[in-house]
Amino acid sequence: MEDPFDSERASLPRNMIENSMFEEEPDVVDLAKDSTAFPGFPALDPDEVVYEPRSSRLLVRGLGENELDEEEEDYESSARLLGMGFMNRSSARSPSSSPYTRQPSPRSCSCPSARVLVLGVFVLVLLSSLAMVLYFVPGCTFTKDGCPKANSSTPIEPVYPNSSTGEPFPWNEPWLPASVQPVTYDLFLTPNLTSMTFTGRTIISMKINHDTKRIVLHSSDLTITNAAFQVGKDKHDKVKVLEYKPWQQIALSFQEDLKAGQLCVLTLDYKANLSNTYEGFYNSSYNDMTGAKRILAATQFEPQAARKAFPCFDEPAFKATFLIRITREPEYISLSNMPKVKTTTLPSGLVEDEFKKTSVNMSTYLVAFIVANFTSVNTNISNTSVSVYSVPEKREHTHYALETACKLLQFYNKVFDVDYPLEKLDLVAIPDFLAGAMENWGLITFRETSLLVGNQSSPLDKQLIANVVAHELAHQWFGNLVTMRWWNDLWLNEGFATYWQYWSLMTEFPQLDAGDDFLEARFMAMAKDSLNSTHPVSVSPQLTSSEAVSEMFDSITYEKGAALLLMLNSTLPEGQFRKGLIKYLNNYRGCNTVTDDLWNSLTQVQVVSQQDSVSDMMRTWTLEKGFPLVTVNCTGGQVTLKQEPFLLTSDNITDTSRLWHIPVTYVNDSCSYEPSCRQMFVMRNKTATLKVSDSVKWLKLNYMNTGFYIVHYGDEGWNQLRDALMANITVLTPHDRAALIHNIFALSRLGRVSFRQVLNLLKYIAKETETAPLKEALSQLSYIYNLLDKRPGLQLVSRMKTYIFNHFGTVMDSQHWEEEDSVSKQELRSSLLQVACNLGRTNCIDGANALYDEWTTSNHTRLIPGDLQRVVFSVAAQTESGWHTLLEAYSRTTYDSEKRKILQALASTQDARRIAWILSAGLEGGIIQTQELPLVISTVSNGFAGHLFSWNFVKENWDRIIEKFPVGSYSIQSIIKSTTSQFSTQTHLDEVQGFFSSLKQRGAQMRSVQEALETIKLNQHWMDRNLPEIRQWL
């Protein structure tokens, strides 16, 4: 699924022991199946087996789960400070870190008093009782090596929670039991778009895997009106359904065992309200060209909302087939995953559409259906009917998406060597849709801004559409055909879709310059991954709450996952990566996987003998959070390398225990630009040495930044690289130059280099002409400017502005205001002019005003180039007349990319009354759709007048905000980040901490909150450390 709010465009979107000690712990021990493993342990009812993802930990199931390791705190962060990312949690667990100190023995002793004796006896009795209780608890004696012997006592009966009726609910786990497997769902749905309700019937054919007296599945906010159950050919019997709302589960209990191998049918009738949020089966509305309000109903089930539309086994591993029938009013159409096979007019005048039964097994989160008044364009390619749907008045904006989807479908069919398995592929633009897009199999849903683009739109706008379409089509293989077993391995879906999104565009659409975007995405992932609140790519499977699952949809899962795949592909012999993926897809087609299944498939196709298997190397990257810092020291012809975790912290925490298998690539001054210059070796230990010629003047590590690590060259090494760039800028590729800028700012954040060293490297920037390094330098300096701008009492902002103009003013003024064909040049021009106009550069303001005047006097027929629209509109929005004119244009325009840029301009105002209005309008959801509220808040927060206003708005309206956006969702992550990431004082830290602490179950435990607090601390720490030097420098 796409992340919608990563900057202006939709972002497309374990514990490890040192390598020498690395051992794989056993998988889950299934005591129900193999009680012989622990002969003293009483045999379990097979129904106690939980259908749960495989773990690298040893879990003993039966009466709950006993973890041997501490629960991982998967708090994730997302601020981008100078190259900064996210810190790694390094818990000090050694005895030396204990806060308790043993007191010295007294020199003399005295007889205890009677009171002390009584207290001592009481404590001894209490401890003895506790020891006896612990001994007689069923289970086993846990040791470092696991569970070598079981206690012989009689097990205690499981404790079950009470259902909503007060009766005992027959299950006590957040995961569903593995005793039942759904085979087929027959779904009957009748939405009423007048009353905003729907009724449904779900018929689930299922197979009994183990003898059991219960069936447990998911249901949320559904009122079950009737339930019937059939075993084999027996008659249907009415049954009672119990509900346990905290886990969104319903259950049926039976007096006699259902026997393994039996086939059963459960029929459930129910009713519910169409959701007012953006998940489940929800209602939405939009105004057509006449101003009339139109209603539609659509679905968004990922990650855990299919249960809000129909009772189901709502976990990824419970795959089944689906036959769907939808009853609708005649003026609408309905769509679902499969083609429509029959339409029947009912006596009531309603129409029933029946869709073909799915030809593949699907997870419930991929089911989708829509009832709306849409039109389409379509074509046939590779034996697949491809269609793009939209509201009727935007039909002309669908053609680019259709052409792009067809080209990418052919590309993926060829590169994966597995044809797209369904008969049709629909891409649907929904007017009110929270995510950027959703990969429902055969029925991909999009925001309008992620799918629709006019013929006159800029190549930069088309690049966004191509990115999102490429991402979602890749999911049809990685995610849909082969699905992660549980959400802890979400990266197997999203990391792959992100990787192929960029790779497919670089291959099939080279004119879109997707390589620069991919580089920027990897920098963003490093920003997140260097904070202590980050998490591994593949986390502990003990991930049960909806909030924790939602927070997995972040830059670690998406961009870091993609970065690791790029690094692996760049490391393996040519052809091995693709061969391994084809084997993975064929081996697990229609099934669920864990990360090791991927590594094993890649290892099995090794074409040359290697010291490390793919699994050995990549487990150090996916099971460990963070990434390494490699320090280089050159003495003559000997180069010494040292690795350590790159951990941003304001608490002087160090962590040297983790090691990665790093594929180190490097070039030197004798050959440094072409791919043939690249040399590589794998660094497995804390230090490594390599020999180079004595004549080598400098080394550049991490060629083209394909590795996920940062490099520190030492004072001499940085000076040598700067001198080389000053002498000849083309000695390094543009991506290598951008990486040097990124790395030195990150090292400044870490405290390894002074800010003066950063500025010394930037002396070369006057010679720079390429997009990637210029954008990176400008981004880093702009962030510092914004920190200074928001810090009260500082007089450095105008001086910082002067420095930026001194270094970038010439290239800013050289930008023209006409159409530009090159996407790369459009991206550079947009970034340069956005900063120039924000800082009030006269040439930029005059150029923007001139273009805006032409646009208004021509009644909007004089088109503004797409990459310049936001700049031009933002300048105009600073005046009262310009702001009101743009507000009118916002309500009239049918071009979605233009509409979003107008909205950003409106939110950039520095007028307090208009700031208050636009924030309230975004929350109300009338003129401005509520889906745009995170974008509005982010834009307001960037301005000097709005950053405190937006924070206060979020605090005052938090409960209303989380009614519209689920706690933990990407929208909430975005809101928290944008409103807090520019704070850098103790006062703001205390305020943010106090507010989120008061929320308790309404968001206090979110990883994004921990990220926000870390970010403020790091801002404060960096400012305190560097302000004196900045004052002197400026």
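Colleague: Happy to look at this with you! Is Trp491 buried or exposed?

Modeller: Glad to help, and please keep in mind that this is a predicted model. A residue counts as buried under 20% relative accessible area. Trp491 has a relative accessibility of 0%, so Trp491 is buried.

Colleague: Thanks! How are the rings of Trp491 and Trp599 arranged: stacked, edge-to-face or tilted?

Modeller: The structure holds 51 aromatic pairs. In the pair of Trp491 and Trp599, the ring centres are 5.7 Å apart and the planes meet at 40 degrees. Planes under 30 degrees apart count as stacked and those over 60 as edge-to-face. An angle of 40 degrees fits neither, so the pair of Trp491 and Trp599 is tilted.

Colleague: How many residues apart are Trp491 and Trp599?

Modeller: This pair links distant parts of the chain. Trp491 belongs to helix α4 (residues 491-508), while Trp599 belongs to helix α9 (residues 595-604). Trp599 is also buried, at a relative accessible area of 0%. The separation along the chain is 108 residues.

Colleague: And how would you describe the pair of Phe627 and Phe708, stacked or edge-to-face?

Modeller: Phe627 sits in the loop between α10 and β23, and Phe708 in the loop between β28 and β29, 81 residues apart. Both Phe627 and Phe708 are buried. Their ring centres are 5.4 Å apart, with the planes at 75 degrees. Planes over 60 degrees apart count as edge-to-face, so the pair of Phe627 and Phe708 is edge-to-face.

Colleague: Nice. Which strand does β23 join through 3 bridges?

Modeller: β23 has an antiparallel pairing with β24 (residues 638-645), over 8 bridges, and there Asn633 stands opposite Thr640. The 3 bridges belong to a parallel pairing, in which Thr631 has His712 as its bridge partner. The strand joined to β23 this way is β29.

Colleague: Which residue takes a positive phi in the hairpin of β23 and β24?

Modeller: The hairpin has 2 residues between its strands. The positive phi there is near 65 degrees, and the residue that takes it is Gly636.

Colleague: Let's move to another sheet. Which are the edge strands in the order β16-β17-β18-β20-β19?

Modeller: This is an open sheet of 5 strands with mixed pairing. β16 is joined to β17 by 7 antiparallel bridges, with Ser376 opposite Tyr389. Each edge strand pairs on one side only, and these strands are β16 and β19.

Colleague: Which helix lies across β18, β19 and β20?

Modeller: The helix in question covers residues 459-475. The helix runs at about 150 degrees to β20. Its name is α3.

Colleague: How far apart in space are Glu439 and Gln476?

Modeller: Glu439 lies in the loop between β19 and β20, and at a relative accessible area of 0% Glu439 is buried. In sequence, Glu439 and Gln476 are 37 residues apart. From C-alpha to C-alpha, their distance is 7.0 Å.

Colleague: Lys394 caught my eye too. With which side chain does the side chain of Lys394 make a polar contact?

Modeller: Lys394 is in the loop between β17 and α2, and its 10% relative accessibility counts as buried. Among the residues that Lys394 touches are Glu448, Leu452 and Thr894. The polar contact, at 2.9 Å, is with the side chain of Asp896.

Colleague: And Thr980: which residue's backbone oxygen lies 2.7 Å from a polar atom of its side chain?

Modeller: Thr980 is part of helix α25 (residues 970-980) and is buried at 1% relative accessibility. Leaving aside residues up to four places away in sequence, Thr980 touches Trp951, Val992, Ala1012 and Ile1016. The backbone oxygen at 2.7 Å is that of Ile976.

Colleague: One more: how many of the 11 residues in strand β8 are buried?

Modeller: β8 pairs with β2 through 11 antiparallel bridges, and Thr199 stands opposite Lys271 there. β8 also pairs with β4 in the antiparallel sense over 8 bridges, where Phe229 has Leu266 as its partner. Strand β8 is mostly covered, and its count of buried residues is 8.

Notes. Residues numbered from 1 in each chain as written. Predicted model: local features only at pLDDT ≥ 70, side-chain atom pairs only at ≥ 80, totals over all residues. Heavy atoms only, no water. Pairing = 2+ DSSP bridges. Helix = DSSP H or I, 4+ residues; strand = E, 2+ residues; numbered from the N terminus. Contact = heavy atoms within 4.5 Å. Axes fitted to C-alpha atoms, helices over the stretch in contact; angles between N-to-C directions. Phe/Tyr/Trp six-rings, centres within 6.5 Å; stacked < 30°, edge-to-face > 60°. Buried < 20%, exposed > 50% of the residue type's maximum accessible area, 1.4 Å probe, protein only. Polar contact = N/O pair within 3.5 Å; in protein donor to acceptor, adjacent residues only side chain to side chain.
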